[in-house]
Amino acid sequence: MKIETIAIHAGNHTDSSTKAVIQPIVMSTTFERDIDGGYASGYSYSRANNPNRSALENVLAKLENGVDAVAFSSGNAAGMAVFQSLSPGTHIIAPDDMYHGLRNQLKNLFKGILEFDFIDINNTGVLKAHIKSNTGLIWIETPSNPLLKITEIRKITTIAAQKNIKVVCDNTFASPICQQPLALGADIVMHSSTKYFGGHSDLTGGVLVTGNDNDWWQKIRQVQSMGGAIPSPTDCYYLTRSIKTLPYRMRGHMHNAQLLAEYLEKHPTVEKVLYPGLPSHPQHQAASEQMTGFGAMISFCVKGGAEKARDVTNKVKVFTRATSLGGVESLIEHRASVEGPDTTTPQNLIRVSVGLEHIDDLIADIQAALA
């Protein structure tokens, strides 16, 4: 099936008792046992599984062309499940501009348990030089947050396969509509489902999708079940519902993002625009080869430093000054101030999540703020 059909049908099950076309929300925390003590329904306790979560995980797996998925209460919980599944002493290689939430997990929660290096992962020589005998995982994030760097997934997975190293790809900025890392050799794909899957800025979630149901994957499933960082049945229901429109929402997001990026690139007060859909992006060719769309996140640097960047974010009327991304409403923020004092993000950088408003209104709003 095409991805539009998968999005609508893979997470929906007609209710067997009422024949309701849309699967109801099952709020029960526990399920009746059979006479022999078993659970023929497949459900025993909601922390272990729930009908709404099963439906959500099914559609998420199929959207990424994976064999299985596990849903979590947040993107950070999904990322942490990967780290928790690794043996103590495992060495991780991660990008130097890794999303700060997961980077801080490694630095603050897993220090002394796991080893890790943050490097320019696109530099093949640097990558190979950092591989050790205990390297067990390469973490990639493409496009990256907030510099919109593109990592050539196939190049990384080829190097990793030669050393029997696992690869996890954070695909949040792209969504499965724009990029499918499992097809390029990644072992697991991670998303903050809060973003484009949810699409309406009203729920929090995370997901991991695998291409192989192996022993490592079963450890991750065990982390989900025993750790209990699971989404509620209601969140699973709304995520499944939102996913039905994901392919069409992404087309609108990307249409607006391309036009806004082209406008910003020509503006005299803009120093540079970071958007992989622009030919000026240093990795535009790599993005064109592995992505079917360039996403809807734009970062741009303004002339005048941090003061000017903050001034722009304070003057907009249509854009909302807020963190996060992927909702139907456009968001804008001075990114360095979000990431904290150790950020490497340029102080004059503004990050934009391009929504589904009319593009003329978005451009007019930015034009007035930049004036």
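**Loops, sheets and open spaces**

Pro-146 has its place in the loop between strand 4 and helix 6; helices (H or I, at least four residues) and strands (E, at least two) are DSSP runs, numbered from the N terminus. The model is predicted: local features need pLDDT of at least 70 and side-chain atom pairs count only at pLDDT 80 or more, while totals for chains, interfaces and linings use all residues. Residues are numbered from 1 along each chain as its sequence is written, and side-chain values use heavy atoms, with hydrogens and water left out.

Pro-146 is joined to Asn-145 by a cis peptide bond, with omega about 10 degrees. A cis bond also links Thr-142 to Pro-143, where omega is about -10 degrees, and Pro-143 belongs to the loop between strand 4 and helix 6 (153-162). Leu-148 is found in the loop between strand 4 and helix 6 as well; this residue is not a glycine, yet its phi is positive, at about 55 degrees.

Strand 4 leads on to the sheets. One open sheet has seven strands in the order 1-7-6-5-4-2-3, with mixed pairing; two strands pair if DSSP finds at least two bridges between them. Strand 1 (68-72) and strand 3 (115-119) are the edge strands, each pairing on one side only. From one strand to the next, the twist averages 20 degrees; axes are lines fitted to C-alpha atoms, for helices over the stretch in contact, and angles run from 0 to 180 degrees between N-to-C directions. Strand 4 (residues 135-141) and strand 5 (residues 166-170) run parallel and are joined by five bridges, and Ile-138 has Val-167 in strand 5 as its bridge partner. Helix 4 (residues 100-108) packs on this sheet, touching strand 2 (91-95), strand 3, strand 4, strand 5 and strand 6 (188-191), where contact means heavy atoms within 4.5 Å. The direction of helix 4 makes about 140 degrees with that of strand 3. Helix 8 (residues 215-227) packs on the sheet too, and its direction makes about 25 degrees with that of strand 1.

Another open sheet has five strands in the order 8-9-12-11-10, again with mixed pairing. Strand 8 (270-274) and strand 10 (320-321) stand at the edges with a single partner strand each, so one side of each has no neighbour in the sheet. Strand 8 runs antiparallel to strand 9 (residues 297-302), and four bridges join them; Leu-274 stands opposite Ser-299 in strand 9. Helix 12 (residues 305-315) packs on the sheet, touching strand 9, strand 10, strand 11 (331-334) and strand 12 (349-353), and its direction makes about 155 degrees with that of strand 11.

What about empty space? Rolling a probe the size of a water molecule over the atoms shows where such space is left. On a 1 Å grid over the protein atoms alone, a cavity is a set of points where a 1.4 Å probe fits but cannot get out, while a pocket is an open set with protein on both sides within 12 Å along at least five of seven lines; lining residues have an atom within 4 Å of a point. Grid points are joined across faces, edges and corners, and a volume is the space filled by probe spheres set on the points. The largest pocket has a volume of about 330 Å³. It is lined by 22 residues, and the closest to its centre are Tyr-99, Asn-145, Ser-192, Lys-195 and Leu-325. Helix 3 (75-84) and helix 13 (335-339) are the elements that give two or more residues to this lining. By class, the pocket lining has six nonpolar, 11 polar and five charged residues; Ala, Val, Leu, Ile, Met, Phe, Trp, Tyr, Cys and Pro count as nonpolar, Asp, Glu, Lys and Arg as charged, and the others, Gly among them, as polar.

The structure also holds three cavities of 30 Å³ or more, and the largest cavity contains about 60 Å³ of space. Among the residues lining the largest cavity are Asp-96, Ile-119, Glu-141 and Ser-144.
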